[in-house]
Amino acid sequence: MTAKQRRRIAFAAALIVASAGAAALVLFALKDNVLYFYSPSDVQTKHVAPGIAFRIGGLVETHSVHHGAGADVNFKVTDGKSAIPVTYHGVLPALFREGQGVVALGALNDAGTFSATEVLAKHDERYMPPEVVDALKRSGRWKEGQ
Amino acid sequence: MTGEIGQLALCLALALALVLAISGIGGARLGAAGAQAIASSSAAGMLVFIGLAFGALTYASIVSDFSILNVAQNSHTLKPLIYKISGVWGNHEGSMLLWVLVLALYTAAIAFSRRGGARLTSAALGVMGMLAAAFILFILFTSNPFLRLDPVPFEGAGLNPLLQDFGLAVHPPMLYAGYVGLSASFAYAAAALITQERDWARAARPFMLTAWIALTLGIALGSWWAYYELGWGGFWFWDPVENASLMPWLVATALLHSALATERTGAFRSWSLLLAIAAFSLSLIGTFLVRSGVLSSVHSFANDPERGFFILVLIGGAVGGALALFAWRAPSLDGGASFEPASRETALLLNNVFLAAAAATVFVGTLYPLALDALTGTKISVGPPYFAITFAPIFIALLILVPFGPRLAWRKGDLPAALRTLAPALGIALVAAAVILAFTAPRTLAGCGAFAVAAWLIGASAIEVRERGLGAFQAGALASALAHAGLGVTLIGIAGTTLWRSEALEVLGPGESMNIAGYTLRFDGVKGAHGPNYDAARATVTVLSGGWTIAVMHPEKRVFPAEGQDTVETAIRTTIVSDLYLALGDQREQGRWILRAYVNPLAPLIWLGALVMALGGFAALWNRLRVARPASVAVAAPAE
């Protein structure tokens, strides 16, 4: 075996070991660390168990936003078919408005309320998160050019 | 008129790009000096015309020419001048125009410097011409910034206020200088495959370094902007768009190291070519992810499947073409000189293996959700926990090995000697670990390890500089010492912020106080304020520590009437070792406001470290441009 061949084999072996290691890490991490996205209708039809973290998205239902004590806030996320109550403690994003798109991160509690740890709104008044557009399309409430 | 001038200039630039592609490749294949001369002048002409088109759009934006659709949609008469200029690239069409402008700049630089000889230069110019032609076509057909609007509106729609910020003025051009700069390495790699010239890595080195410096600074600027503008107190969110810039950086870093070996001893010849192709391909994929609207992010200006499709075809053509060329020509490349297991080549090899693995984990985490959605319709997101498990251990392992590289000679290194030299750094690392373990809470192995690795990196760099001296002829050694120390500095910032961050959120009325990490924050009320194109609610917060007033801070909430949008303007008091970070939330009943406060220990070091890395890059670049011809193979030569 020439030096060149030895070097190529060593290089290939190092790459294989590293990619196997990386693949193992990736598979391990993907098993438990992905968040699913559900629309309010999905949450109702799929009977998502309480305590499982996921993302919910849709429109903030009109007249549903209520500020509680301190920095608590309650509102409903709707896709036009179903609405899920959401509770959040924190600062809402600047573009959080009734009737506008929103994505929240959190889990359902035992009462069936979505307890959000993070609330994201769109960054720009002309822009809608793709997941929200998709959820509205599936519930038939999406108007082209919206 | 302005729109027509811009449109015409862009069409002429397209024609020149096509001439450049044909004369460049033809000149290289035939060795015809005439064709090569045509290629050089086309490159210069292309820069002039794209510059003219860009200038036309900038002028239209400055004078608020709302007869141009792009300006009407993204500008406003009341917008301050600097944001009229930076707003040119604050939208899809303008940012693509900036993209080709940067491409034209690099093309002209290749033509002007003529590095690597006439044939290699000519072929590289031809490849740049093809890329430029493809992207100008993309602009003309799917993203024309010069479309007219009739009737002309009285006022423009304004620019997203989040983007009306100094960070936006500098982040995109810097990032593009990096992204697009990788096209030069790509062009030289393809040129090397076309012409069978060996010396491409040396010829491409200054462009590689420039692109890497710009990418480093661009990513750091983006992270800094997100930190102070978004008001969440975080610096990196593993957002797909951030990942899209991190992947090319990882591969470009691998390329910088591997090309060094290729240049010195001829080792990893094919691998370096492949990395140059991969780095630019990842830039293109990043452009696709950001520009096609498949991701939700501040960077997604609009959803347009046609654009996404066009960019996909473009990626397919560029990447597929380059890989086919590689498969055809690479087997005929000869390998370089042999090397021992303990040598700088081995160190660089390990560097590349770890960087490639790290890039692969980011790639999977970014694209897996998109693939899953496309194939099954299941929508998932992959967040920080995934990257903490995959990316972090691989990168930490890489960092532990970093100090060995510069201490090992080419071909045959002395590992025991390297260890002896590095012993003081190991000592510093152990002391750092012990101090962190003894004096700080919470006690975590990860925190302790992160500080030890950072100390190890910085210590090893200090030893490197002390051994080689700081003389002008040691710029190469200084470069690697700075870049590696910068990694350590950034790591300290990340570890400090992640481990010891404090967060507090309260609703306060005037005169009420809250406490965070030893500070007392007294809320003194909110007053109205006016900016050039916004109205603000400006809070006054007095910061007390041990009964003494140490600062008065003014976090704001701004309302932009033209755009109908609000932004949060954070107030940050930094002492370099720690940031006190305030964001004003919503108003509640009777003058009571939500106030959010963070104390982020060591946060500024995150970006300071990136600056140090970039300085290392500058030292290497300076060294390269100063030394006309470095010695070909020097045993125990300093690392660049």
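**Entry 1: the largest cavity**

I began with enclosed space, and the largest cavity came out at about 80 Å³. This is a predicted model, so I kept that in mind from the start. My search of the whole structure turned up 4 cavities of 30 Å³ or more.

Which elements give two or more residues to the lining of the largest cavity? I found helix 15, helix 17 and helix 18 of chain B. Helix 17 of chain B gives the most, with 4 residues. I noted the lining residues, among them Val402(B), Pro403(B), Leu457(B), Glu464(B), Ala481(B) and His484(B). Sorted by class, the lining holds 7 nonpolar, 3 polar and 2 charged residues.

**Entry 2: helices 17 and 18**

Two of those elements deserved a look as a pair. I read helix 17 of chain B as residues 445-468 and helix 18 of chain B as residues 475-500. Their axes lie 8 Å apart, and the packing angle is about 160 degrees. Angles over 145 count as roughly antiparallel, and helix 17 and helix 18 of chain B are therefore roughly antiparallel to each other. I also checked the handedness: helix 17 of chain B passes helix 18 of chain B in a left-handed crossing. For the contact between these two helices of chain B, I have 18 nonpolar, 5 polar and 2 charged residues.

**Entry 3: helices 9 and 19**

Next I turned to another packed pair, helix 9 (residues 200-229) and helix 19 (residues 604-626) of chain B. Here I read an angle of about 165 degrees, with the axes 9 Å apart. That makes helix 9 of chain B roughly antiparallel to helix 19 of chain B. The crossing of helix 9 over helix 19 of chain B is left-handed. The contact residues of this pair divide into 17 nonpolar, 4 polar and 3 charged.

**Entry 4: the second largest pocket**

I moved on to open space. The second largest pocket has a volume of about 630 Å³. Which of its 39 lining residues are the closest to the centre? They are His257(B), Leu348(B), Asn351(B), Val402(B) and His484(B). I recognised Val402(B) and His484(B) from the lining of the largest cavity.

Several helices of chain B each supply at least two residues of this pocket lining, including helix 9, helix 10 (240-265), helix 14 (384-401), helix 18 and helix 19. Helix 13 of chain B gives the most, with 8 residues. By class I count 26 nonpolar, 10 polar and 3 charged residues in the lining of the second largest pocket.

**Entry 5: the second largest cavity**

Back to enclosed space: the second largest cavity holds about 50 Å³. Its lining includes Leu57(B), Ser61(B), Asn70(B), Asn74(B), Lys79(B), Lys84(B) and Asn91(B). Helix 2 (33-62) and helix 3 (69-74) of chain B are the elements that give two or more residues to this lining. Helix 3 of chain B has the largest share, 3 residues. By class, I have 3 nonpolar, 6 polar and 2 charged residues around the second largest cavity.

**Entry 6: domains**

Last, I looked up the domain assignment of chain B. It gives domain 1 as 1-159, domain 2 as 413-500 + 607-611 and domain 3 as 502-601. How many Å separate the C-alpha centres of domain 1 and domain 2 of chain B? I read 44 Å.

Notes:
Residues are numbered from 1 along each chain as its sequence is written. Chains are lettered from A and ligands numbered from 1 in the order in which they are written. This is a predicted model: local features need pLDDT of at least 70, side-chain atom pairs count only at pLDDT 80 or more; totals for chains, interfaces and linings use all residues. Side-chain values use heavy atoms; hydrogens and water are left out. Domain bounds come from an automatic or database domain assignment. Axes are lines fitted to C-alpha atoms, for helices over the stretch in contact, and angles run from 0 to 180 degrees between N-to-C directions. Angles under 35 degrees count as roughly parallel, over 145 as roughly antiparallel, 65 to 115 as roughly perpendicular and the rest as oblique. A crossing is left-handed if the near helix is turned anticlockwise from the far one by less than a right angle, and right-handed if clockwise. Ala, Val, Leu, Ile, Met, Phe, Trp, Tyr, Cys and Pro count as nonpolar, Asp, Glu, Lys and Arg as charged, and the others, Gly among them, as polar. On a 1 Å grid over the protein atoms alone, a cavity is a set of points where a 1.4 Å probe fits but cannot get out, and a pocket is an open set with protein on both sides within 12 Å along at least five of seven lines; lining residues have an atom within 4 Å of a point. Grid points are joined across faces, edges and corners, and a volume is the space filled by probe spheres set on the points.
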